[in-house]
Amino acid sequence: MFTAAGINPRSHCLSACRESNQFVFASDDQLVLQTFPEPSHGLVQAISERHHEGQITILKRVTSIRQHTHGQTISTDLFVAGSADGKVVLYEVSASASLIRHLLTLDNLKGSIGALCGTLSGPELVVVASWVSDGNSGVRVWWLSCEPHFSVRHSYDIPEFGNVFALAVDMQNTKNDRKLLALGTTKRTIEFYCETPCGKAVKPVLSIAGHEDWIHSLAFNQSTPILLASASQDTQVKLWRIEETVELEDSSEISVAKNCFTVEGVNPEESPLSLSIGVESVLTGHDDWVQSVEWDREGRTIITSSSDKSVIIWKETHEGLWTDTVRLGIVGGQAAGFYCAVFSPDAKQIVASSYFGGLYAWIAPKTEEDSWSAAAVCSGHFGAVRDLAWHPDGKFVISVGEDKTTRVYVSPKNETYYVEVGRPQVHGHSMQCIAVVSGSIIVTGAEEKIFRAFEAPQTFVKSVCNIGGFEVKEVFRDYVPAYYGARVPALGLSNKAVEDSQEVLPEENGDAHWEEGAFQASPAELFAPPTEDCLQQNTLWPEIHKLYGHGYEVYAIAANPTGTVLATSCKASQAEDAVVVLWDTSDWSKKSEISGHQLTVTQIEWSPDGKLLLSVSRDRKVILYREQDGNVNGFSYEKFWSSEKEHSRIIWSCCWLCDSRHFVTSSRDMQVILWECSNSGAVASSKIKCPQPATSVAVGCGEQMTESIVAVGLQNGSILLLSIGDGNQLEIVRQLFVPPVNVDRAILRLRFNPVDRKTLAVAGSDGKLRILKIELIKSR
């Protein structure tokens with residue numbers, strides 16, 4: 001149904017299609033295909049299979065694509081992606097079908113891929129990649145045949161690199177059908193190579209001092225005359241014109257302005273092509289490192305992104321005179337600049353990626369009087385999604401991640417997709433766990449020793465109902481928000497409440513810095529999905545309490561069905577720290593501690609009727625507790641049963657069935673066990689061995705056991721669906737998202753919607769939040 005994915009926070013992990021109104025970005029070890037904001041809301045259309053074992057470090061669209069298939073010419077986009085494990089992979093995106101197809105994996109290089117490009121010319125594709133490892137580096141060129149399918153004909157390693165790193169690379173065809181290769185290096189030079197007549201190697205032809213600092217990006221315009229744009233850490237963008245010369249000057253007379261070289265053609269009888277290169281223009285307008293430079297489809301307009309929080313569009317206004325015609329970006333906020341920016345095929349939309357893994361978008365003005373307008377585009381966590389929880393009535397889902405954020409997603413009225421409507425917490429530590437206490441209160445834990453409670457402000461209550469098409473009472477019952485919004489004070493970690501709308505107005509202070517007003521949060525009621533910068537600073541929830549009581553970093557949390565009792569745990573290496581702490585949510589007081597485990601309690605779950613408390617741990621034990629007085633809102637719990645040696649490794653997860661008599665556990669020993677409870681304890685009624693360690697488990701669909709579906713998240717990122725058959729036997733129904741290579745991308749949490757028990761939310765260590773529709777179809 002829906003996927004939210006964050007982009008890898010690196011230069012060149014974003015690229016636009018040319019044959020469809022879509023763009024592709026790298027998210028962990030996969031490619032994600034997403035639409036531009038207009039007309040389809042910027043939603044994820046497809047995700048590639050896993051063909052990288054490390055995170056993707058660079059992604060580039062292959063230039064000049066026209067592929068011939070089954071006697072018909074069809075429009076496709078090809079992309080090459082390089083990763084930290086040294087793999088270079090070729091992918092295809094078809095304009096007619098939203099699908100990313102793996103075509104070929106090239107030879108593994110000796111280190112992480114730092115620069116990459118590809119050019120298609122007729123039936124031949126040339127790919128160039130640079131790698132870096134332990135102070136060494138290299139560049140390899142592959143020649144691929146495209147017919148009848150993609151295959152490597154030969155490759156060539158460019159010598160002489162050593163401890164000089166190639167940070168940027170691009171290619172363009174010359175007039176005599178040879179590839180001209182440009183490499184931007186840490187020596188601050190641009191190294192030019194040309195393809196030899198035999199088409200099996202490249203040779204150096206020219207080295208020029210390009211910039212005063214490292215060169216981050218190179219881009220040929222793929223047009224005539226040939227223009228090469230280079231972007232550097234020295235804050236400048238330079239345009240280099242490469243044109244044909246009548247005759248080559250003597251090398252001793254080469255001037256600073258014009259450097260000349262020759263390119264030999266395929267036919268030895270033809271005269272070599274004489275070319276000269278000179279500076280066309282120097283573009284100054286950025287105040288910090290320029291991270292990327294890209295051309296539009298026609299090769300006449302440039303877009304650059306920088307760490308100075310700006311994206312600039314440059315156009316040639318007069319012969320050789322380029323100016324910044326449009327300047328986009330953000331002022332203030334918590335962003336730290338842009339890593340990449342790309343045009344849509346018609347150059348009327350722009351998408352950019354930020355330092356924090358967010359996606360920003362702008363749409364061109366409809367009339368000359370208008371200006372470019374910011375647009376919302378769906379993005380997600382750029383680190384592991386560690387936990388998630390549904391609203392008690394399933395109205396929205398909240399996730400927490402390693403990227404230090406808490407995010408709220410809701411489905412707009414009459415739609416099946418989801419949009420992000422709030423970011424209650426932007427923290428200083430990586431988030432670990434979350435519990436929803438009521439429709440308006442959440443409690444989260446991060447890599448610190450305390451839990452924090454948050455309350456939904458008035459702006460969120462109204463906004464989520466506006467966008468989701470709900471009545472306020474339908475979602476929040478009789479809750480009356482005490483605060484208008486929230487903001488984070490300077491150098492603070494706690495969200496401070498904003499009492500009313502007047503409080504968000506910038507204060508007049510003659511001694512304040514001129515940008516202070518721009519940095520101030522401005523929460524407001526929303527009627528449409530917010531943009532990334534709005535989410536980061538204007539949708540916070542006020543923090544209402546801190547829960548102190550654990551001696552180490554907190555780990556797991558759960559609320560009882562009535563939301564009156566909270567159970568928490570922390571990391572532990574001894575029994576005295578491996579306790580479950582109980583809290584009263586009416587005043588956030590610590591009520592009791594429950595002992596039983598020896599090591600970290602990894603998950604805590606109350607039975608649906610609220611009578612039993614279940615915990616699992618790194619000590620390989622499952623423990624059941626019950627309230628001594630039978631009070632479901634009480635705090636006097638005692639252990640009445642503990643498992644033996646049914647699990648032989650860490651138990652990662654547990655979940656109750658609807659009847660409050662059965663529960664399931666999943667473990668690193670690859671076992672999923674179905675347990676049956678009685679007054680004296682529990683017994684294992686069924687076991688099943690999974691193909692991978694089982695890292696999470698959830699039970700959904702029907703309320704009867706035979707109508708239930710058990711979803712099991714595995715270590716490699718796949719999901720195993722189990723049914724419960726006769727005799728309470730677990731049976732494998734289907735396995736989803738099986739990777740073609742062996743990877744460690746564990747599913748960290750699974751949660752079925754408490755009302756629509758066919759809707760499953762999936763939190764992955766790959767940074768993706770997925771929402772799936774699961775339906776059990778019984779065979780006759």
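Me: To fix terms before we start: Ala, Val, Leu, Ile, Met, Phe, Trp, Tyr, Cys and Pro count as nonpolar, Asp, Glu, Lys and Arg as charged, and the others, Gly among them, as polar. With that, how many nonpolar, polar and charged residues does the lining of the largest pocket have?

Reply: Please note that this is a predicted model. The lining of the largest pocket comprises 26 nonpolar, nine polar and five charged residues.

Me: What is the volume of that pocket?

Reply: The volume of the largest pocket is about 1100 Å³. It is lined by 40 residues, and those closest to its centre are Ala-559, Pro-561, Glu-605, Arg-751 and Pro-754.

Me: Which elements give two or more residues to the lining?

Reply: One helix appears in that list, H3 (472-476). The strands are E33 (385-390), E37 (431-436), E43 (554-559), E47 (601-606), E51 (651-656), E55 (694-701) and E59 (747-752).

Me: How is the chain divided into domains?

Reply: The domain assignment gives domain 1 (384-501 + 520-548), domain 2 (550-642) and domain 3 (649-779). Between domain 2 and domain 3, the C-alpha centres are 22 Å apart. Domain 2 gives 20 residues to the contact, and domain 3 gives 21 residues.

Me: Back to helices. Why is H2 described as largely enclosed?

Reply: Helix H2 covers residues 458-468, and because eight of its eleven residues are buried, the helix is largely enclosed by the rest of the structure. The buried residues are Thr-459, Phe-460, Val-461, Ser-463, Val-464, Cys-465, Ile-467 and Gly-468.

Me: What do those buried residues pack against?

Reply: They pack against strands E34 (396-401), E35 (405-410), E36 (419-426) and E40 (485-487), and against H3. Directly after H2 comes Gly-469, with a positive phi of about 75 degrees.

Me: Which residues have a positive phi although they are not glycine?

Reply: Arg-188 is one of them, with a phi of about 75 degrees. It sits in the loop between strand E17 (179-185) and strand E18 (189-195). Thr-235 also has a positive phi, of about 75 degrees, and is found in the loop between E21 and strand E22 (236-244). For context, most residues other than glycine have a negative phi.

Me: How exposed are Arg-188 and Thr-235?

Reply: Arg-188 has a relative accessibility of 42% and therefore counts as partly exposed. Thr-235, with a relative accessible area of 24%, is partly exposed.

Me: And where are the cis peptide bonds?

Reply: One joins Glu-147 and Pro-148, with omega about 0 degrees. Pro-148 is in the loop between strand E14 (136-145) and strand E15 (151-162). Another joins Thr-224 and Pro-225, with omega about -5 degrees. Pro-225 is in the loop between strand E20 (215-220) and strand E21 (226-232).

Me: Switching to annotation: which residues does UniProt list for "repeat: WD"?

Reply: The unreviewed UniProt entry lists residues 208-250, 283-315, 378-409 and 594-625. In the model, the span 283-315 is 0% helix and 61% strand, and its end C-alpha atoms lie 10 Å apart. The span 594-625 is 0% helix and 53% strand, with its end C-alpha atoms 9 Å apart.

Me: Where does UniProt place "domain: C2H2-type"?

Reply: The unreviewed entry places that feature at residues 194-216. This span is 0% helix and 52% strand, and its end C-alpha atoms are 21 Å apart.

Me: Two single residues to finish. Is Leu-31 buried or exposed?

Reply: Leu-31, in strand E4 (residues 30-35), is buried, because its relative accessibility is 1% and the cut-off for buried is under 20%. Beyond residues up to four places away in sequence, Leu-31 touches a set of residues including Val-24, Phe-25, Ile-47, Leu-59, Tyr-91 and Ile-100.

Me: What about Thr-416: buried or exposed?

Reply: Thr-416 counts as exposed, at 56% relative accessibility. It lies in the loop between E35 and E36.

Me: Which residues is Thr-416 in contact with, leaving aside its neighbours within four places in sequence?

Reply: Thr-416 is in contact with Met-1 and Ser-411. Thr-416 and Met-1 are 415 residues apart along the chain, while their C-alpha atoms are separated by 6.6 Å.

Note on methods. Residues are numbered from 1 along each chain as its sequence is written. This is a predicted model: local features need pLDDT of at least 70, side-chain atom pairs count only at pLDDT 80 or more; totals for chains, interfaces and linings use all residues. Side-chain values use heavy atoms; hydrogens and water are left out. UniProt positions are given in the numbering used here, feature names are shortened, and annotations may be inferred rather than shown by experiment. Helices (H or I, at least four residues) and strands (E, at least two) are DSSP runs, numbered from the N terminus. On a 1 Å grid over the protein atoms alone, a cavity is a set of points where a 1.4 Å probe fits but cannot get out, and a pocket is an open set with protein on both sides within 12 Å along at least five of seven lines; lining residues have an atom within 4 Å of a point. Grid points are joined across faces, edges and corners, and a volume is the space filled by probe spheres set on the points. Buried means under 20% relative accessible area, exposed over 50%, partly exposed in between (1.4 Å probe, protein chains only). Domain bounds come from an automatic or database domain assignment. Contact means heavy atoms within 4.5 Å.
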